Amino acid sequence: MEPVHLLLISGSLQRASSNRALLKVAARCAEDLATVGWYERIGDIPHFNSDLADDLESVVDWRAAVRAADAVLISTPEYAHSLPGSLKNALDWLVGSGDLYEKPVGLMSAGLSGGERALDTLAQTLHAQGSNLVGRLSVPGVRPKLDENGDIADLETIAQTCVLVDAVVDAARAARRSS
Ligand SMILES: Cc1cc2nc3c(=O)[nH]c(=O)nc-3n(C[C@H](O)[C@H](O)[C@H](O)COP(=O)(O)O)c2cc1C
């Protein structure tokens, strides 16, 4: 079977992001299991407005990247007890296109508290789009788990991330077999 394609999406736009660091771990976990792509342009997508034409370049690019993926892994910080607006906005653009419908999605959050409220909101948003929510990982107190390069050094977090990646890839393979 052709390898499944896993798309990694960070809800944080900053480069020195702990959620980005968590996704780098996920990319390594997936190395022998899937092809891996990153979507790093959610900050370029305009605020959702039904009056806008949906053939805008940034929207077409975003939808195509999600559509081409067999599975998606999102890692997001919690902002003010919820999702960063840029991530929620990007997800709202997928409601009309249906590109997340039945797609296996893994949810992660790294930050001060571990982002359980952000994960709850993310789960609801994805549930509303009919996504297949495969699992979630919360990484509280992330700063001490980073090394001097900003990479995740905590072995338990690395192991937990690989378990989630395995589950997401398995779900994508199962979806392929049944289609
Ligand atoms: C605007 C803002 C709001 C935040 N709100 C929360 C919050 O509600 N709960 C929480 O645990 N952390 C909160 N934080 C802390 C972030 O979770 C933490 O900075 C996280 O590491 C950011 O993710 P990143 O390193 O991937 O950018 C907030 C940070 C910012 C900048």
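Which exposed residues does the face of α3 turned away from its buried side carry? They are Gly 85 and Gly 96, where exposed means 12 or fewer other C-beta atoms within 10 Å of a residue's own, buried means 20 or more, and partly exposed lies in between, with C-beta atoms placed from the backbone. The model is predicted: local features need pLDDT of at least 70, side-chain atom pairs count only at pLDDT 80 or more, and totals for chains, interfaces and linings use all residues. Residues are numbered from 1 along each chain as its sequence is written.

Helices (H or I, at least four residues) and strands (E, at least two) are DSSP runs, numbered from the N terminus. The buried residues of α3 are Leu 87, Ala 90, Leu 91, Trp 93 and Leu 94. Seen down the helix axis, these residues fall within an arc of 150 degrees, so they line one face of α3; the arc is that of the directions from the helix axis to the C-beta atoms. Their cover includes α2 (57–68) and α4 (116–128), with contact meaning that the C-beta atoms of two residues, placed from the backbone, lie within 7 Å.

Asp 92 also belongs to α3, which spans residues 85–97. Asp 92 counts as partly exposed because 16 other C-beta atoms lie within 10 Å. Its C-alpha atom is separated by 9.7 Å from that of Leu 126, 34 residues apart along the chain. After α3 comes Gly 98, with a positive phi near 70 degrees.

The sheet is open and has 5 strands in the order β2-β1-β3-β4-β5, with parallel pairing; two strands pair if DSSP finds at least two bridges between them. At the edges are β2 (34–39) and β5 (132–139), each pairing on one side only. On average, neighbouring strands of this sheet are turned by 20 degrees against each other, direction ignored. Strand β3 (residues 71–75) pairs with β4 (residues 104–110) in the parallel sense over 4 bridges, and Leu 73 has Gly 106 in β4 as its bridge partner.

Leu 73 also appears in the largest nonpolar core, a set of buried Ala, Val, Leu, Ile, Met, Phe, Trp, Tyr and Cys residues joined through C-beta atoms within 7 Å. Of its 49 residues, Leu 6, Ala 71, Leu 73 and Val 168 touch the most other members. Helix α1 (residues 18–30) supplies the largest share of this core, 7 residues. Not counting residues up to four places away in sequence, Ala 71 touches residues including Val 4, Leu 6, Val 105, Val 168 and Val 169.

Notes:
Axes are lines fitted to C-alpha atoms, for helices over the stretch in contact, and angles run from 0 to 180 degrees between N-to-C directions.
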